[in-house]
Amino acid sequence: MSQTEIDLPVSDARRNQQAVAQDLAEYKFGWSDRDDGYAFTSGRGLTAEGVAAISERKGEPTWMRDLRLRAFQAYERRPMPNWGADLSDIAFDDIFYYVEASEKQANTWEELPPEILQTYEKLGIPQAERERLIAGVAAQYESTVLYHKVREDLEEQGVIFLDTDAGLQEHEDIFREHFATVIPPNDNKFAALNTAVWSGGSFIVIPEGVKVDIPLQAYFRINKQNMGQFERTLIIAEPGSYVHYVEGCTAPIYSSDSLHSAVVEIIVKEGARVRYTTIQNWSNNVYNLVTKRAVAEKNATMEWIDGNIGSKVTMKYPAVWLTGEGAKGEVLSVAYANDGQHQDAGAKMVHAAPYTTSNILSKSISKGTGRTSYRGLVQINDGAHHARSAVKCDALMLDDTSRTDTYPYMEIEQEDATIEHEATVSKVSEDQLFYMQSRGIDEDEATAMIVRGFIEPIARELPMEYSVELNRLIALEMEGAIG
Amino acid sequence: MTTLTTLTEEALAGASDAAAEPSWLRDRRLAAYKRMLDQAWPDSRADEFWRSTPFAQRIDVERELVTSGAVDTPASFTADLDVEVAVARIVDGALVEVTVPSSLVELGVVVADLSDAARDHADLVEPALGSLTSSDREGTGGDADRTVTVNDAAWTAGVFISVPPEVELDVPIVVQVHATVGGAHLPRVLAVLGHHARASVYLEHTSDADTDALVDEVVEVIANDAAQLDVVSFQRWGNHVDHLALQKVQAHRDSRVRHLSVTVGGRTVRFLPETDLVGPGAETRPLGVYFADEGQWFDLQPYVRHLAPRATSDVLFKGALQGHSRTVFRGNIFVHKDAVGTDTDENNKSLILTEGARADATPFLEIECSDIVAGHGSATGQIDALQLYYLTSRGIPREEALRLIVTGFFREVFADVALPGVEAAALTEIDERIAAADLSRFQVNDASLKDHHDE
């Protein structure tokens, strides 16, 4: 399995094709890195041998290799979901399940390869770093975390913020105790796939009582055609701690479909609070099939803030298992589906203890042939007395060709639960547009203002620079919304 | 013995010939039989629409097909009304009696054996029968599953109802379905209302207390332009009956449909009141009340498809649960992209009275058209301590107060249902359930008292 993709002979015709694709990508989207120069790949498609090879390449302990192989079996055994978005076009055998861009981690920006540095410059990371807006950056290039920095004061506080592979190497005991406990390997087909081939992601441990007052951030990018990205994040918040983790994704556009299937596990211990923010902006050929779940123990608070702007298909339902008395879960979710996109997103709240509360607010916008679906579960287990849950789903349709669905599931086993669900569907009304146009605002800007107002309850919860980015992304998507 | 899985082409053709059905109907049964052979029984793990009722655990299809019965049925609740109603009685898989008052006959109203009507009223029956079960479904959900197809092929007791154009009836047409012997029962009802007709069809489902049966029922109703239709379906089965019901209405231009279900009996009831709004300006109001007790499993799936402009729908289902019971509300509203001006609302409220019950709610919306008003809501709660406190502070004994609160909870559904006998009959059923309940086990939610105190 040590062959590298670049050593294969490439016919002139294929080279030309690649060159054309490259030119197109550069012409249309401004930039894109060369896609040769990978240090190691496991090749296209997936076998048990490939899974073992990934583990061997990483020099992992036997238990992790065995876990990967078990997960691979579960992945093969489990059927494709027969609900949600259409996944029939994913060519699983064409995907690179593991790709390594470079053999070593860089410690400063200057050490990064020029191409990668250039990409990150475009994403604005060094600038953000310079301005100290971010506490630490684990910039993920392909599957290997290349650049990694944690601010010294965090280290002094005992905060662990590593890429997940390093987390396994350096803190095996903590890692093994928590890994795959929130999302077992056979939880669902894509969680199983991730467990088999995971690489990269963030490993974070916040010690007891430590409150990290600035958001921890990581940027992820897909850069190789047909390359799946299977990062794995594990966050452990010890009692009384607090952290806000921010994940962002961008990807250049390629001609065939890519698969992104991450798993995020979070353990929020007694009295701790974790906020996890994602603005997902994959290119419109990416299948984004993600499993995110947190366990909130006694009086703990878990907040997911989830933005889905990009991708071809997203299926993502951030979940909170409220296992301790008085635990609190919240999901704020905003989705935007443009032509050809299906955002099937939502939330899951499982109340497994008394006096637990959950709150879900979902805002979705659909345009063109885009389709947004809210799919959510509120489950109140027997014994979770005095549980309370409120769900609100609002959909905004920008034209008559888009589609929006609401699929809320409420499963209540406890007689004194208080559960509420509300949904509305609306469009940008002619009255609103007329009013704003009469004040001299043109139609495009008026529509954009209405959309900004619609998502404001979520945008205001984001860190300032992310709020700006969300508004900018939506403004880009909105161009020509009124045709 | 013939069961739902050992049906043969010969047996179906033979039964059709024995009933002197016309050849088109026999061919249609055989075509359905062929479709059925290509289908498997539902798999609740794989089929999203069966997720809410575990088919393999709760539905036994290896039962002998029941095809003959006697006249002896309990009296219809309409017997207490001082009106003369048309009644068709299906007992143990056979249509045993049809009574139509001469006043209705004079108006041209038909209530008849469906096999006979296929011959005598072929112009009405041929285009309508099976047109709703085999029609394409847009939105979530596939074609009719095997539980419907088997009825298309093998229904044994059919009733045809026709109300001619512009005929308005003040008295209901009653179809009684009664089971006394175990086995598989396949009743079928087809009703056609002509344009500007007005009628109500009551379906009463009953059984002997110990009858262990599967009743797989299909009801198709066509409400032509500007017709006014009420369908009322009472499920008052004994505790050993499993009932699979598809009751589907096609609503044409400016028609007004109301579909009220009262589900209190049965071991498993999977009830699908569906409306296809195919004409502009049509209106449907699927209403439901249900009261589930120990061991009962009610899966209620109102489905409305908005396929034409300016139609309205308003779904309201309210249920109470006690003991180890399970209810599922699985509503779905589909709005086609052509259905501009749609106005739709979907609501489900559950009252969990005692420990051990479970109420699931999945009020779905699927919307392809932006020029609409849509909302839905669902709430699950329990008896409100503040209400109870108020009533008892006025000197009403606690038990009586609990009864009043539960009855009041259901009354919202009947708010403007002015159908003779229906509300009284439904509330009687619910009162009986409450009377049999151990009110001391009712749980009261004190959250409102606390909230009140906080203010």
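A polar contact here is a pair of N or O atoms within 3.5 Å, where, within protein, one atom must be able to donate a hydrogen and the other to accept it. Keep that in mind as we look at how chain B and chain A meet in this predicted model. Between the two chains, 15 residue pairs are in polar contact, counting pairs with both residues at pLDDT 80 or more.

Which parts of chain B do the touching? Strands E21 (358–361), E22 (364–367) and E23 (373–381), along with helix H11 (447–454), each supply at least two residues to the side of chain B that touches chain A. E23(B) gives the most to that side, with 8 residues. Sort the side of chain B that touches chain A by class and you get 15 nonpolar, 13 polar and 13 charged residues.

Now step back to the whole interface. Here, 41 residues of chain B are in contact with 33 residues of chain A. Put together, chain B and chain A bury about 3000 Å², and 44% of that lies on carbon and sulfur atoms.

Charge pairing shows up here too. In general, side chains of opposite charge can pair when their charged atoms come close. The rule finds 6 salt bridges across the interface of chain B and chain A, and a search of the whole structure finds 57 over all chains. One to look at joins B:Arg51 and A:Glu411, at 3.6 Å from N to O. Another links A:Arg403 and B:Glu368, with an N to O distance of 3.5 Å. That second pair crosses between chains, with A:Arg403 sitting in strand E22 of chain A and B:Glu368 in the loop between E22 and E23 of chain B.

Strand E22 of chain A is worth following a bit further. Covering residues 403–412, this strand is joined to E22(B) by 3 bridges, and the two strands run antiparallel. If you want a spot to zoom in on, take A:Asp405, whose bridge partner in E22(B) is B:Glu366.

Next, stay inside chain A, which is divided into domain 1 (38–316) and domain 2 (429–483). How do these two domains of chain A meet? 14 residues of domain 1 are in contact with 10 residues of domain 2. The area buried between the two domains is about 1100 Å², with carbon and sulfur atoms giving 68% of it. On the domain 1 side, A:Ile279, A:Ile305 and A:Ile309 lose the most area to domain 2, together accounting for 43% of what that side buries.

As for polar links between the domains of chain A, the count is 1 salt bridge and 1 residue pair in polar contact, with both residues at pLDDT 80 or more. Strands E7 (216–221), E9 (242–250) and E12 (273–281) of chain A are the elements that give two or more residues to the domain 1 side of this interface. By class, the residues on that side divide into 7 nonpolar, 5 polar and 2 charged. For the salt bridge, go to A:Arg275 and A:Glu461, where the closest N and O atoms are 3.0 Å apart.

Definitions and conventions
Residues are numbered from 1 along each chain as its sequence is written. Chains are lettered from A and ligands numbered from 1 in the order in which they are written. This is a predicted model: local features need pLDDT of at least 70, side-chain atom pairs count only at pLDDT 80 or more; totals for chains, interfaces and linings use all residues. Side-chain values use heavy atoms; hydrogens and water are left out. Contact means heavy atoms within 4.5 Å. Buried area is the accessible area (1.4 Å probe) that two parts lose on being put together, summed over both. A salt bridge is a side-chain nitrogen of Lys or Arg within 4 Å of a carboxyl oxygen of Asp or Glu. A polar contact is a pair of N or O atoms within 3.5 Å; within protein, one must be able to donate a hydrogen and the other to accept it, and residues adjacent in sequence count only if both atoms are side-chain atoms. Helices (H or I, at least four residues) and strands (E, at least two) are DSSP runs, numbered from the N terminus. Ala, Val, Leu, Ile, Met, Phe, Trp, Tyr, Cys and Pro count as nonpolar, Asp, Glu, Lys and Arg as charged, and the others, Gly among them, as polar. Two strands pair if DSSP finds at least two bridges between them. Domain bounds come from an automatic or database domain assignment.
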